[in-house]
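Thank you for coming, everyone. I would like to walk through one structure this morning, so please bring it up on your screens and keep the sequence beside it.

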Amino acid sequence: MEILKQPSLAKLTTYDPNPLLVTVTGRLNVKNDAALARALAIAPPIISNIRHRKMVVGAALLIRMHEITNMSINELRALMGDRRPIFC
């Protein structure tokens, strides 16, 4: 079985974390990025770095978003433009 390497999330032309952050902010009914960071139990600069594309949304954060919003991982991935297949 040949394993195909997927492009990194940051290199995808469809990647935009802002719709994901806006949707999760709305689902949690929080007012701003600082409140979102508190709800996700992460440092506020992480949200800023993700919003400005200095960091990508990692697996652990994606799982945390899933846990507190009850949105599916596929739905969360689609919101940020991650169209990569799960398995190659």
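Let me begin with a question to keep in mind while you turn the model: which exposed residues does the face of α4 turned away from its buried side carry? I will come to the answer once we have looked at the chain as a whole.

Please remember throughout that what you see is a predicted model. The mean pLDDT of the protein chain is 87, with 83% of its residues reaching 70 or more. The stretch to treat with caution is residues 1-5, where the pLDDT is below 50 and where, beyond near neighbours in sequence, the model has one contact.

Now to the overall layout. The protein chain has five helices and zero strands, and when it is read along the sequence the pattern is α-α-α-α-α. Of its 88 residues, 28% count as buried, and the accessible surface comes to about 5,700 Å², with 58% of that belonging to carbon and sulfur atoms. If we take the contacts between residues at least 6 apart in sequence, 64% of them join residues that are at least 24 apart.

From there we can go inside. The largest nonpolar core has 16 residues, and those that touch the most other members are Leu 20, Val 57, Met 65 and Leu 76. Two or more residues of this core come from each of α1 (18-28), α2 (33-40), α3 (44-51) and α4 (59-69). Leu 20 is a helpful place to centre your view, since, with its neighbours within four places in sequence left aside, Leu 20 is in contact with Val 57, Met 65, Leu 76, Leu 79 and Met 80.

This brings me back to α4 and to the opening question. In this helix the buried residues are Leu 61, Leu 62, Met 65 and Thr 69. If you look down the axis of α4, these buried residues fall within an arc of 100°, so they line one face of the helix. Their cover includes α1, α2, α3 and α5. As for the face turned away from that buried side, the exposed residues there are Ala 59 and Ala 60.

Staying with the end of α4 for a moment, the helix is followed by Asn 70, whose phi is positive, near 65°, although this residue is not a glycine. Asn 70 sits in the loop between α4 and α5 (73-79), and with a relative accessibility of 69% it counts as exposed. There is another residue to set beside it, Asn 29, which has a positive phi of about 55° and is not a glycine either. Asn 29 is found in the loop between α1 and α2, and at 68% relative accessibility it too counts as exposed.

The last topic is charge. Side chains of opposite charge can pair when their charged atoms come close. In this model the count comes to four salt bridges, and I will describe some of them.

One of them joins the side chains of Asp 33 and Arg 51, at 2.8 Å from N to O. That pair links distant parts of the chain, with Asp 33 in helix α2 and Arg 51 in helix α3, 18 residues apart. Asp 33 is partly exposed, with a relative accessible area of 26%, and Arg 51 is also partly exposed, at 22% relative accessibility.

Another lies within α4, where Glu 67 and Arg 64 are three residues apart, about one turn of the helix. The closest N and O atoms of this salt bridge are 3.8 Å apart. Glu 67 counts as partly exposed at 49% relative accessibility, and Arg 64 is partly exposed as well, with a relative accessible area of 28%.

Are the partners in the salt bridge between Asp 82 and Arg 77 buried or exposed? The closest N and O atoms of this pair are 3.2 Å apart, and both Asp 82 and Arg 77 turn out to be buried.

To close, I would ask you to return to α4 in your own viewer and find the face that carries the exposed residues Ala 59 and Ala 60, then turn the helix round to Leu 61, Leu 62, Met 65 and Thr 69, which are buried. I am happy to take questions.

Definitions and conventions. Residues numbered from 1 in each chain as written. Predicted model: local features only at pLDDT ≥ 70, side-chain atom pairs only at ≥ 80, totals over all residues. Heavy atoms only, no water. Helix = DSSP H or I, 4+ residues; strand = E, 2+ residues; numbered from the N terminus. Buried < 20%, exposed > 50% of the residue type's maximum accessible area, 1.4 Å probe, protein only. Contact = heavy atoms within 4.5 Å. Areas by Shrake-Rupley, 256 points an atom, 1.4 Å probe, with all protein chains shown as cover. Core = buried A, V, L, I, M, F, W, Y, C linked by side-chain atoms within 4.5 Å. Arc of directions from axis to C-beta. pLDDT = per-residue confidence, 0-100.
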